[in-house]
Amino acid sequence: MKNLLFFFYKYYVFFMFFAFELFALVVLFRFNNYQQASFLNYTASTSSSIYNAINSTTGYFNLKTQNDSLQAENARLRSQLLQSFYQNGFTATTVNDTMYKQQYEYIPALVVNNSISKRNNYITIDKGSLHGIKRFDGVICPNGIVGIVWQVTPYYSLVQSVLNSKSSTGAKVKKTGDIGSVSWNGDNALLAQLSKVNNYVPVAVGDEIVSTAQSPSYPEDIAIGKIVKIDRNPEKSSYDITIVLHTPFSRLKSVYVVRNLFKEQQIAAEAKAVAEEEAKK
């Protein structure tokens, strides 16, 4: 207590100056309209700036939560698109009386590792079998096709990217519906090759290439790329086509894993048909 009194005694001049200064400011802003208005404007502007800074800071730290929420919302909306349903073609007179059945479900995931400079590139995502992901599920992003789930652990999955020399994706020319196959030769991460398109098909530079319903891993009409070069070799029955990929693999952040609820049935039916053909030989 003695030290505190000594402190005030030692600096009493400063405290008196501060008190008089404060009193003068109160009198100035209290009884003068112009100074009072200026002070209120200044404090309001300062408060607004502080609140904006606080909101910007908290908004930045909430971006991940908002992004996760938007991804989940996008996945739900994708599941409601017409292309996510299987149209059975039956009417209400049949036993199975629903016109559409849910065929595709979407699981949002984040890319935690990615490569584009190797000949066989893979992508690691932060979702695995505990989230419902299975091997050979398709993976897409808002721009287009990404790849196929290749390996699955409880919490992570490894995706075989389209930028993998072993990858082969069923595709079609959007304007004609003629099918082909997209692969990658390992040279350029922006370009891929479209093969098996017969040379009587009227293709042109700029034509869009999309996924085909024949693939059990993707819904139909998911974007893949656009034709930028066509090599017409009269000695071959099909074109050699180069396409520019729509998916920005070098800056891939978030993806959707596509679960085809009918995939096992499709694969089993195709395998059974092949087995029957082999048995007839």
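Q: What makes β9 and β10 a pair of strands, and in which sense do they run?
A: Two strands count as paired if DSSP finds at least two bridges between them, and three bridges join β9 to strand β10 (residues 191–195), so the criterion is met. The two strands run antiparallel, and within β10 the bridge partner of Ser 181 is Ser 195. Strands themselves are DSSP runs of E with at least two residues, helices are runs of H or I with at least four, and both are numbered from the N terminus. The model is a predicted one, in which local features need pLDDT of at least 70 and side-chain atom pairs count only at pLDDT 80 or more, whereas totals for chains, interfaces and linings use all residues. Residues are numbered from 1 along each chain as its sequence is written, and side-chain values use heavy atoms, with hydrogens and water left out.

Q: Which other pairings involve β8 and β9, and how many bridges support them?
A: Strand β8 (residues 169–173) is joined to strand β9 (residues 179–183) by four bridges in the antiparallel sense, with Gly 170 bridged to Ser 181 in β9. The two strands form a hairpin with five residues between them, and Gly 177 in that turn has a positive phi of about 85 degrees. β8 also runs antiparallel to strand β11 (residues 208–211), to which three bridges join it; there the bridge partner of Val 173 is Ile 209.

Q: In what order do the strands around β8 close into a barrel?
A: The order is β8-β9-β10-β13-β12-β11, six strands with antiparallel pairing. From one strand to the next the twist averages 40 degrees, where axes are lines fitted to C-alpha atoms (for helices over the stretch in contact) and angles run from 0 to 180 degrees between N-to-C directions. One of the pairings is that of β11 with strand β12 (residues 223–231), antiparallel over three bridges, in which Glu 208 has Lys 226 as its bridge partner in β12.

Q: Which strands make up the closed barrel that contains β3?
A: The closed barrel of six strands runs β3-β4-β7-β6-β5-β14, with antiparallel pairing. Its neighbouring strands are turned by 45 degrees against each other on average, direction ignored. Strand β4 (residues 120–125) and strand β7 (residues 157–164) are joined by five bridges and run antiparallel, Asn 120 standing opposite Asn 164 in β7. Helix α4 (residues 63–80) lies across β3, β5 (138–141) and β14 (254–260), at about 145 degrees to β3.

Q: Why is Ile 145 called buried or exposed?
A: Buried means under 20% relative accessible area, exposed over 50%, and partly exposed in between, with a 1.4 Å probe and protein chains only; Ile 145 has 4%, and therefore counts as buried. This residue belongs to strand β6 (residues 144–152). Contact means heavy atoms within 4.5 Å, and beyond its neighbours within four places in sequence, Ile 145 has contacts that include Val 139, Val 162, Tyr 218, Ile 224 and Phe 249.

Q: Why is the pair of Tyr 9 and Tyr 12 classed as stacked, edge-to-face or tilted?
A: Rings of Phe, Tyr and Trp (its six-membered ring) pair if their centres lie within 6.5 Å, and planes under 30 degrees apart count as stacked, over 60 as edge-to-face and the rest as tilted. By this rule there are eight aromatic pairs. The centres of Tyr 9 and Tyr 12 are 6.1 Å apart and their planes stand at 20 degrees, so this pair is stacked. Tyr 9 is exposed at 60% relative accessible area, whereas Tyr 12, at 44%, is partly exposed. Phe 14 and Phe 18 are likewise stacked, with 6.4 Å from centre to centre and 25 degrees between the planes; they lie four residues apart in helix α2 (residues 12–31), which separates them by about one helical turn.

Q: What makes the nonpolar core a core, and which residues have the most contacts inside it?
A: A nonpolar core is a set of buried Ala, Val, Leu, Ile, Met, Phe, Trp, Tyr and Cys residues joined through side-chain atoms within 4.5 Å. The largest one has 44 residues, and those with the most contacts inside it are Ile 125, Val 203, Ile 209, Ile 241, Ile 243 and Val 255. Strand β3 (residues 104–114) supplies the largest share of this core, five residues.
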